[in-house]
Protein chains: 10
Amino acid sequence: MLICTLIDVDIPRDMPPDERAALIEKEAAISKEMQEAGKLAHIWRVAGRWANVSVWNVKDNDDFHQTIGSFPMFSYLKVTVIPLSQHPNSIR
Amino acid sequence: MLICTLIDVDIPRDMPPDERAALIEKEAAISKEMQEAGKLAHIWRVAGRWANVSVWNVKDNDDFHQTIGSFPMFSYLKVTVIPLSQHPNSIR
Amino acid sequence: MLICTLIDVDIPRDMPPDERAALIEKEAAISKEMQEAGKLAHIWRVAGRWANVSVWNVKDNDDFHQTIGSFPMFSYLKVTVIPLSQHPNSIR
Amino acid sequence: MLICTLIDVDIPRDMPPDERAALIEKEAAISKEMQEAGKLAHIWRVAGRWANVSVWNVKDNDDFHQTIGSFPMFSYLKVTVIPLSQHPNSIR
Amino acid sequence: MLICTLIDVDIPRDMPPDERAALIEKEAAISKEMQEAGKLAHIWRVAGRWANVSVWNVKDNDDFHQTIGSFPMFSYLKVTVIPLSQHPNSIR
Amino acid sequence: MLICTLIDVDIPRDMPPDERAALIEKEAAISKEMQEAGKLAHIWRVAGRWANVSVWNVKDNDDFHQTIGSFPMFSYLKVTVIPLSQHPNSIR
Amino acid sequence: MLICTLIDVDIPRDMPPDERAALIEKEAAISKEMQEAGKLAHIWRVAGRWANVSVWNVKDNDDFHQTIGSFPMFSYLKVTVIPLSQHPNSIR
Amino acid sequence: MLICTLIDVDIPRDMPPDERAALIEKEAAISKEMQEAGKLAHIWRVAGRWANVSVWNVKDNDDFHQTIGSFPMFSYLKVTVIPLSQHPNSIR
Amino acid sequence: MLICTLIDVDIPRDMPPDERAALIEKEAAISKEMQEAGKLAHIWRVAGRWANVSVWNVKDNDDFHQTIGSFPMFSYLKVTVIPLSQHPNSIR
Amino acid sequence: MLICTLIDVDIPRDMPPDERAALIEKEAAISKEMQEAGKLAHIWRVAGRWANVSVWNVKDNDDFHQTIGSFPMFSYLKVTVIPLSQHPNSIR
């Protein structure tokens, strides 16, 4: 089942640089792991903003919530969720 | 270059059924043609609404405008455009 | 899997009374059928408006879209979709 | 009488971890107590966000305000209130 | 139990003048009846707009929905509902 | 002349408890005084939020601004102002 | 007492040209009359839109509502009302 | 050339009282000076909020930006700008 | 003096094709004339929508209003106006 | 390929004056460099606000994101992105 998210990232400005760098590194690691596991099907940068459009391939809403909730940056994200279904015109 | 669109479809209620059916059929034909040509990389239905999330693979903004403008339903669409770029965490 | 919807109903004012009455009757029939089948877990009227809050029990987003799309009033609904998951404090 | 709430939780980032853990624990305890007492009829997590959809079974608006106001996290909640009434199509 | 409503009135421009005049007259009659019965505790015109702020004294949300739904103009109203409870500083 | 206000209260979280308690107490005192003087005709709690709906009975807009500006919490209030006039259907 | 209004004008496109011309002419006549009577203290065109910013000099909110309600275009106006009071820095 | 502004003032709560008092005093001085010079044609308090509606008489947009930018409180203002032109119904 | 506009075009669907084609042709003629006269400094299509971003070079707000008001499509435009001034970092 | 941005600048109030002055100076340097390189085709101040309207001349969305992301103030900007394409009426 696919879910689209539009995510704005808002890391507090006063986070110490070390903590921040570590957070970004851990986020990248989890992100890659999730992509390799097929859970995070797509992730694109929104050009001009610290934001992304992502597509998740999950079993159900619980699976989605646990998956996105396991990202280290989760508490700094503003997430808009758009549940997706098969489009009649899609050739896939 | 990728562009994401969130599109709501609003075909006027008073369109004659024949015209409407023909429009939907032509839209499906163009949509499949664009997918096969690789211009329309993804199209998903937004679950619960007559809407879609699409990802376009185009040369530039002019190419995008001409591509989406060639769809028969174009004048009935409410389109939100999100330009995409490479995400640093993407494994693609 | 549960999905919450907030739905505003907007039946065109110029629909002939017969057509309108038939539509409302068919909607009620489908609604009761879906409740008995367990697909529509809850439906409440929003007090003071022609609107409802509903909770759907579906297999996935495709199932949800097909279910809500089969309601006769579907094209007259303005639907906000909120995907639900298990709450850690819930005793259910 | 039923009332639906859409609640976003916003605990300040600078709350000491101990205080935060204690707050979450107390919230869970009150939440379960209210569910057992039948005041909090449903509570669901909004998938992808720290938010919930809840349905309250209260005597009247005063009862509702006192009930939700007694939750330890009340001052950190952004609450949207939707009063519910019986839906004509409901089979309950 | 008190409920506040902010109501904008939007009677279709193409309603025949006779029908319109009759509607306004019936609305006034029901409004006065409801005030005399104590169900409509207050009704004020929003200065500068065809709109009103009203306060309803009802048994519960079902009573409120039936009360406001019995007004002849109900289907032409855009209603915002604000449930009220006792204010700790009120001297009433 | 009547004016309706919808007021959200936002006292800073880091205000010392003593200062906060004193502020709330002074606010209550002024509020009661204004009610007894007939300037604050109604004050209701918005159920589920730290907010209120109030109705002011003032000479004119200057009188209103001076009255509401004299409340100790004024600088912490987010105020929406709705000027009221006589409703043709009101029996008062 | 002063009141500021931001007014967008929306005359229906299908109004017969004669009716429309007569309406605009009557509006201009009333507008000038109100300015000469001192009730309409200022009226400016919002550059680039069919809209205006106006300042009314009225006795109270009832007077304002009756004044603006007497304009022939009143039912085609979308009005935002901003009650004004004396500014401490004003030299008037 | 006239420009209307709707300005909300948001002085940080943690500004030291001395600094704050000095700022308000300087603002008043500049405001009066600008009124006397005819640049600030009108300034009114928005009743019930720390906000104002102002009308500026400037040579062009550069002159307007330099004028409003010279106010000591400029960096604490949230400014909405409405360019004004001659209204055909104005008697001025 | 420069003014930026963001303009959405909304030509009624029921306009006869002849009238529509003539309108579009006249609009193009005026648009080119205004560009040649230097009044319309830039006009770009918003990719994916029937909309444009334009920059106007005008004497003042009155000139701008008369200029944009002389376009044949003016009554079908939804216009957002952003007054521009010299940017300190601009090399022009 | 052209992209229009509407950018609000929000430098934190508590940034030390030295750091702030250095940031503004570096921003100006990069801005001029980008203008000279032809990447930043236009930059205008929004009159009355600390904001700008800019037009970027870039190869594609990746180029745009890298370009705007290289500005020292990038993390303090709130950016709205409007992709532009050739307008049929443009004489350029």
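**Entry 1: Cys4(A)**

I began with the contacts of Cys4(A): leaving aside neighbours within four places in sequence, I found Val53(A), Ser54(A), Val55(A), Thr80(A), Val81(A), Ile82(A), Leu84(A) and, from another chain, Val53(B). I note at the outset that the model is predicted. I placed Cys4(A) in strand E1 of chain A, which runs over residues 2-9. I then asked whether Cys4(A) is buried or exposed. Its relative accessible area is 4%, and the cut-off for buried is under 20%, so I recorded Cys4(A) as buried. I also looked up Pro88(A), which is 84 residues from Cys4(A) in sequence and 18 Å from it in space, C-alpha to C-alpha.

**Entry 2: Chain A as a whole**

I counted the elements of chain A and obtained 2 helices and 4 strands. In sequence order, I read them as β-α-β-β-α-β. Along the principal axes, the C-alpha atoms of chain A occupy a box of roughly 50 × 25 × 20 Å. I noted that chain A has 92 residues, 54% of which count as buried.

I next considered contacts in chain A with a separation of 6 or more, and found that 66% of them join residues 24 or more positions apart. For the surface, I recorded about 4300 Å² exposed by chain A, with 51% of that area supplied by carbon and sulfur atoms. I found 10 positive and 12 negative side chains in chain A, and the centres of these two sets are 6 Å apart.

I checked two other chains against chain A. Chain E makes no contact with chain A, and the closest C-alpha atoms of the pair lie 25 Å apart. Chain G does not touch chain A either, the nearest C-alpha atoms being 29 Å apart.

**Entry 3: Helix H1 of chain B**

I turned to H1(B), residues 17-36, and found that its 20 residues reach 29 Å from the first C-alpha to the last, close to the 28 Å expected at 1.5 Å a residue. Which residues of H1(B) are buried? I listed Leu23(B), Glu27(B), Ala28(B), Ser31(B), Met34(B) and Gln35(B). Viewed down the axis of H1(B), these buried residues fall within an arc of 135 degrees, so I assigned them to one face of the helix. On the other side of H1(B), I found Asp18(B), Glu25(B), Lys26(B) and Glu36(B) exposed.

I looked for what covers the buried residues of H1(B), and the cover includes strand E2 (40-46) and helix H2 (61-69) of chain B. After H1(B) comes Gly38(B), for which I noted a positive phi near 85 degrees.

**Entry 4: Helix H1 of chain C**

I repeated the inspection on H1(C), residues 17-36. The 20 residues of this helix should span 28 Å at 1.5 Å a residue, and I found its end C-alpha atoms 29 Å apart, which agrees. I recorded Leu23(C), Glu27(C), Ala28(C), Ser31(C), Met34(C) and Gln35(C) as the buried residues of H1(C). They cover an arc of only 135 degrees around the axis, so I placed them on the same side of H1(C).

What does the face of H1(C) turned away from the buried side carry? I found the exposed residues Asp18(C), Glu25(C), Lys26(C), Glu33(C) and Glu36(C) there. The buried residues of H1(C) pack against strand E2 (40-46) and helix H2 (61-69) of chain C. Just after H1(C), I noted Gly38(C), with a positive phi of about 85 degrees.

**Entry 5: Trp44(D)**

I located Trp44(D) in strand E2 of chain D, residues 40-46. Its relative accessibility is 10%, so I recorded Trp44(D) as buried. Which residues does Trp44(D) touch, not counting those up to four places away in sequence? In chain C, I listed Leu2(C), His42(C), Val55(C), Leu84(C), Ser85(C) and His87(C). In chain D, I listed Ala51(D), Asn52(D), Val53(D) and Val55(D). I also noted that Ser54(D) is 10 residues from Trp44(D) in sequence and 6.3 Å from it in space, C-alpha to C-alpha.

**Entry 6: Arg49(G)**

I found Arg49(G) in the loop of chain G between strand E2 (40-46) and strand E3 (51-57). With a relative accessible area of 28%, Arg49(G) is partly exposed. Beyond its neighbours within four places in sequence, I recorded contacts of Arg49(G) with Asp8(G) and with His65(I), Phe74(I) and Val79(I) of chain I. Last, I looked up Gln86(G), which is 37 residues from Arg49(G) in sequence and 29 Å from it in space, C-alpha to C-alpha.

Methods:
Residues are numbered from 1 along each chain as its sequence is written. Chains are lettered from A and ligands numbered from 1 in the order in which they are written. This is a predicted model: local features need pLDDT of at least 70, side-chain atom pairs count only at pLDDT 80 or more; totals for chains, interfaces and linings use all residues. Side-chain values use heavy atoms; hydrogens and water are left out. The expected span of a helix is 1.5 Å times one less than its number of residues. Buried means under 20% relative accessible area, exposed over 50%, partly exposed in between (1.4 Å probe, protein chains only). The arc is that of the directions from the helix axis to the C-beta atoms. Contact means heavy atoms within 4.5 Å. Accessible areas come from the Shrake-Rupley method with a 1.4 Å probe; for residues, only the protein chains shown count as cover. Lys and Arg count as positive and Asp and Glu as negative; His and the chain ends are not counted. The place of a charge is taken as NZ of Lys, CZ of Arg, CG of Asp or CD of Glu.
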